[in-house]
Amino acid sequence: MPVFTRSSDASQPGDGVSEAEEEQAGGEREEDEREAAAASGPGPAPSRTLLGHCLTRLRTWRTRHPRTARALRLATTALAAALVLGALLLPNTLPALKAVSFARIPAEAVIGAVVVLALPRRPRLVAAVLYGLGLTVLTTVNLLDMGFNEYLGRGFNAALDWDLLPDAQAYVEDTLGGGVATAVTVGAVVLVLLVAAVMVAATIRLAHVLARHRVRATKGALIAGTVWVTCSALGLTLFGGPIASERGAGALRVHAQRTVESLRDEAAFARQSKADTFGNTPPGELLPDLRGKDVIFTFIESYGRSAIEDPVMAPGVDRTLDASTTALEKAGFAARSGWLTSATYGGSSWLGHSTTMSGLWIDNQRRYRTVSAGDHLTLTKAFQKTGAWDTVGVMPGVQKGWPEEKWYGLDKLYDAFDLGYEGPKFSWSTMPDQYALEAFQRQVHGKKRDKPLMSFVILTSSHQPWAPIPKMVGWDELGDGSVFDAIQKAGNKASDVITDTTKSREEYGKSIQYSVTSLTQWLERYGTDDTVLVFLGDHQPIARVSGNGASRDVPVSIVAKDPKVLDKVADWKWTEGLKPDRDAPVWKMSSFRDRFLKAFGSTPRPSKG
């Protein structure tokens, strides 16, 4: 073990180095000696030699440059303290990410200091490492909360949401390309590892400093603890928030409770999904008042209440709805519209689809997997069960096997590869809505058949990032979709719209106008006296577009030529036309199935779970 002596040019009386500085330097030397002793213990000789050599050079540099060394020590300690306090006080939403959020006294910092001061060296090192890893977990879940709140309007759920991460990667790949998706994935992993390394280094540094100045640190911890207790007891606030904070522990507690509740909910929902108001209804007692009608259920992606009421998007969307209502009236159609509160927000469209069709509140992926693996009666399957309809699904967004078609009761599914499209993709959307509807007409709706048709159609052109957006072309010009090449090339780049909130809102509104126009023009062109169209949104757009605190409401409309159809829903008190009034009835999305079945003559015959 090397022998350490004071250099001849070390600080001497009159050289400007204070007694406190000399004391700190001595503490550093003692720490170096312990580290060197640890390095000289059992282990490979080259490693011990290298570490000892590095520590010797570091100590020599400190001795020769005491002021610079002290400044670096102070800066490193201050940075470590800022990182730890920042992690403990970090909010979990972007709107709350303000400087005033960090003007708090975190209880976790006081407790951590007390624990470190009470432990000998080796347990103290272990505690510091564990504390740093805990801060890494806390920072990670807070960042995930920010992302989920921004896009899905809710916090991250550790029990449910890991399944959504591959979907998020696939969305980035479809929208911005495989290279960007890979870079984002690698960057996220590197970021977590970097946060872990930095947090552990910071907590080890602070632990050493506290131990080196044990007396002063103990007094400081006592004062800080007393101040925290006093502020908490008196409810003192600063900048609109409590001075005494337990933000870190509270965040982890919320996530733990959320995880436990989710696991309990999964078991309860499995039992709930086995009970069904119409589970034992015979085929002859299902939907008797719609026999002979061609019924089409259509979801418009991200068609939310904000599109109709937000001051940026609403003017254009409202003009489109008014013009479409007038055009449909001239073609002999009438419409009624209301609101449904979606089970999802900002994304996970399949949760909105399944909630509407099943009559169950399906607000997470576990619930979706549970119900779609069972035999709970969907609204679409009720049509199939009667034997009076052919049932089809038209889903241009589906690009791989989709076993849920059996649960939905679809005789035939037309996915992205079945519609004959040869044109360009529009970001995530595989084809424009106008083309998908024309292909539906050509391959399905326009063909002669022995039975009426029940269709389940999902339109995708209004899917984020709303760039580029298709434009309407002549219906007779659609061909194989190549006509959209020039439109796609001339459109906005997804990367430009994603990073601009104002632009995102404007382009979102335009995408809804396009989707509504495509659907209503299709109905004008191909609808018959026996056509019944039900169309609605699956969820609101992301919070950056719909606004913080926006509702989960989506518009829903029923359109038909036969007045008897709308007479059946007269007691719903829905608004005439395609635009629901602000005070039109608002129902939970999960209530729609039973209301629809009852309105059109179905007899409830419950099955028990």
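A search of the whole structure, which is a predicted model, finds 20 aromatic pairs. One of them joins Phe297 and Phe383, whose ring centres are 5.8 Å apart and whose planes make an angle of 70°. This pair is edge-to-face because planes over 60 degrees apart are counted in that way. Phe297 belongs to strand S5 (residues 294-300) and Phe383 to helix H14 (residues 379-386), so the pair ties together parts that are 86 residues apart in sequence. Phe297 has 0% relative accessibility and therefore counts as buried. Phe383, also with 0% relative accessibility, counts as buried as well.

A further pair consists of Trp574 and Trp587; their planes stand at 45°, so this pair is tilted. Trp574 is located in the loop between helix H21 (563-567) and strand S12 (575-576), whereas Trp587 is part of strand S13 (residues 586-588), so the contact of the rings ties together parts that are 13 residues apart in sequence. Both Trp574 and Trp587 are buried.

The two pairs may be set side by side as follows.

| Aromatic pair | Centre to centre | Angle between planes | Arrangement |
|---|---|---|---|
| Phe297 and Phe383 | 5.8 Å | 70° | edge-to-face |
| Trp574 and Trp587 | 5.4 Å | 45° | tilted |

These four residues are members of one aromatic cluster, which also includes Trp389, Trp572, Phe592, Phe596 and Phe600.

Charged side chains also lie over aromatic rings. Arg595 is placed over the face of Trp587, at 3.9 Å from the ring centre. Likewise, Lys412 lies over the face of Tyr414, at 5.2 Å from the ring centre.

Ser602 is found in the segment that follows helix H22 (592-599). Is Ser602 buried or exposed? Its relative accessible area is 7%, and buried means under 20%, so Ser602 is buried. A polar atom of the side chain of Ser602 lies 2.8 Å from the backbone nitrogen of Leu287. When residues up to four places away in sequence are not counted, Ser602 touches Phe278, Glu285, Leu286, Leu287, Pro288 and Leu597. Leu287 thus appears both in the list of residues touched by Ser602 and in the polar approach to its side chain.

The protein chain as a whole can be described in similar terms. Its secondary structure comprises 22 helices and 13 strands. The chain has 609 residues, of which 49% count as buried. It exposes about 27900 Å², and carbon and sulfur atoms supply 58% of that area. Among contacts between residues at least 6 apart in sequence, 78% join residues at least 24 apart.

Key. Residues are numbered from 1 along each chain as its sequence is written. This is a predicted model: local features need pLDDT of at least 70, side-chain atom pairs count only at pLDDT 80 or more; totals for chains, interfaces and linings use all residues. Side-chain values use heavy atoms; hydrogens and water are left out. Helices (H or I, at least four residues) and strands (E, at least two) are DSSP runs, numbered from the N terminus. Buried means under 20% relative accessible area, exposed over 50%, partly exposed in between (1.4 Å probe, protein chains only). Contact means heavy atoms within 4.5 Å. Accessible areas come from the Shrake-Rupley method with a 1.4 Å probe; for residues, only the protein chains shown count as cover. Rings of Phe, Tyr and Trp (its six-membered ring) pair if their centres lie within 6.5 Å; planes under 30 degrees apart count as stacked, over 60 as edge-to-face and the rest as tilted. A charge sits over a ring if NZ of Lys or CZ of Arg is within 6 Å of the ring centre and within 35 degrees of the ring normal. A polar contact is a pair of N or O atoms within 3.5 Å; within protein, one must be able to donate a hydrogen and the other to accept it, and residues adjacent in sequence count only if both atoms are side-chain atoms.
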